[in-house]
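Student: Hey, can we go through this structure together? I'd like to start with the empty space inside.
Tutor: Sure, let's have a look.

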Amino acid sequence: MATATATASRTVRTQTPTALLALGVFAALRGAGVLVVAAVAWWTGRSPVKVLGESWDSVWYLRIAEHGYGRTQMYPGIGSLQSDSAFFPLYPVLIRCASLVLPGSLTTAALVVAWIAAGAAAVGVYRVGEHLLGPRGGLLLVALWAVLPHSLMLTLAYTEPLLAAFAAWALYALLRGRWGWAAGLAVLAGLTRPTGAAVAAAVVVSAGYEILVRRGRAPAVWAAALAAPAGWASYVLLVGARRDDLLGGYFAVQSGWGSRFDFGAAALRSAWNAVSGGHTELATTVTAVLLVAALLLAARLVRDRTAPLPLLVYTGVLLLMTYGGAGFFESKPRFLLPAFPLLLPAAALMAKARPRTAVVVTGVLAGLSYAYGPYLLLVSGVAP
């Protein structure tokens, strides 16, 4: 036992520096992107803190954190009635808690929570990549994830970094057979945003495979399968109960935002208009291109036949919810930010290339990301 303990201690000591290196790479790449946005905001006479912490959906989260639920916003011209019940509660709760111990405004607290979550997510992404591709592959996976066109959203007061953190560590827990951790993180993911259901699906399907195929009988597996959907289901049912429609109330709220599941019909129309129409917003065209690219990456991930079942289920459910849902077309790349397993084939390919090639590719992608981020947030005029 003493030998096993010593081996485990050495493993922790050797893994910790690489995880810190991954965190440093992520912080450097995303920190540079934040500085670019802050500089452009300052140059145009806007407050960088407000741009990063009070843009679009961030305002809704801040108002929930300050006043609780109950706000609605009506747009008579388009017949839209938007309710803050569409937003899941965990992030506003964390903002409120952080504001009690941090100096400054709720906006500052919201950014601190988001940035801590983004850092935790980066380490989780690295752990998954390291487990599957080795340390170099894990580091490249983090770097690629940090320079995606929409990666700026990982450093805004949004829920994507929080969901990515819970998802990455839940998937890592599943890869290591830690069912209790996976289920607990799935519950938290389900309280973060609607797409948190993808984490629960990964746990449930993995548990089903363990029980039905591998004939596993451990109580922890059954408990994980039953507990994982509890976060998402509890909030959906709570909203339904408040609206006197237990099963349909939450989805009626989403419909007020123009969000419903239409099997991708609206996404296809928007993508077609983007590539065939006349004057189209750059953000719309980029969205169409990125959605096609994500499908190609998904096909490559499946074709490689090396991705574990939890990652395939999680990514597949995220893709289904993103492509199948009608609503804000330009927001779909943001919805896919937590789908980091899509980048595994690219990270594996770069890990086999010369280091200079990997650095050049990452640098080029970072430059494009730094140019696109300020445009998306400060110029485009569409909700990212």
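Tutor: The largest cavity holds about 40 Å³ of space. A cavity here is a set of points on a 1 Å grid over the protein atoms alone where a 1.4 Å probe fits but cannot get out. The volume is the space filled by probe spheres set on the points, with grid points joined across faces, edges and corners. Before we go on: this is a predicted model, where local features need pLDDT of at least 70 and side-chain atom pairs count only at pLDDT 80 or more, while totals for chains, interfaces and linings use all residues. Residues are numbered from 1 along each chain as its sequence is written, and side-chain values use heavy atoms, with hydrogens and water left out.

Student: OK, how many cavities of 30 Å³ or more are there?
Tutor: The count comes to one.

Student: Which residues line the largest cavity?
Tutor: The lining is made of Arg30, Gly33, Val37, Pro149, Leu152, Ser369, Tyr370, Gly373 and Pro374. To count as lining, a residue needs an atom within 4 Å of a point.

Student: And which helix gives the most to that lining?
Tutor: That's α18, with four residues. Both α1 (2-43) and α18 (355-379) supply at least two residues each. Helices are DSSP runs (H or I, at least four residues), numbered from the N terminus.

Student: How do the lining residues divide into nonpolar, polar and charged?
Tutor: Five are nonpolar, three polar and one charged. Nonpolar covers Ala, Val, Leu, Ile, Met, Phe, Trp, Tyr, Cys and Pro; charged covers Asp, Glu, Lys and Arg; the others, Gly among them, are polar.

Student: New topic. How many salt bridges does the structure hold?
Tutor: Six. A salt bridge means a side-chain nitrogen of Lys or Arg within 4 Å of a carboxyl oxygen of Asp or Glu.

Student: Got an example?
Tutor: Take Arg193 and Glu160, whose side chains meet in a salt bridge at 3.2 Å, N to O. Arg193 sits in the loop between α8 (179-190) and α9 (197-212) and Glu160 in helix α7 (residues 160-175), so this pair ties together parts that are 33 residues apart in sequence.

Student: Are those two buried or exposed?
Tutor: Arg193 and Glu160 are both buried. Buried means under 20% relative accessible area, exposed over 50%, and partly exposed in between (1.4 Å probe, protein chains only).

Student: What about one within a single helix?
Tutor: Glu130 and Arg127 form a salt bridge of 3.2 Å, N to O. They both lie in helix α5 (residues 106-133), three residues apart, about one turn of the helix. Both are buried too.

Student: And one with an exposed partner?
Tutor: Try Arg214 and Glu210, at 3.5 Å, N to O. Arg214 counts as exposed because its relative accessibility is 57%, while Glu210 is buried at 19%. Elsewhere, Asp57, Glu160, Arg193 and Arg334 are joined into one network by salt bridges that share partners.

Student: Which residues form the nonpolar patch on the surface?
Tutor: Val205, Tyr209, Leu212, Val213 and Leu309, with about 430 Å² of accessible area together. Patch residues have over 30% relative accessible area and no salt bridge, and nonpolar side chains (Val, Leu, Ile, Met, Phe, Trp, Tyr) are joined within 5 Å. Helix α9 gives the most, with three residues. Val205 has its place in α9 and is partly exposed at 36%.

Note on methods
1 Å grid on protein atoms, 1.4 Å probe; cavity = no way out; pocket = protein on both sides within 12 Å on 5 of 7 lines; lining within 4 Å. Patch = residues over 30% accessible without salt bridge, like charges linked within 9 Å, V, L, I, M, F, W, Y side chains within 5 Å. Areas by Shrake-Rupley, 256 points an atom, 1.4 Å probe, with all protein chains shown as cover.
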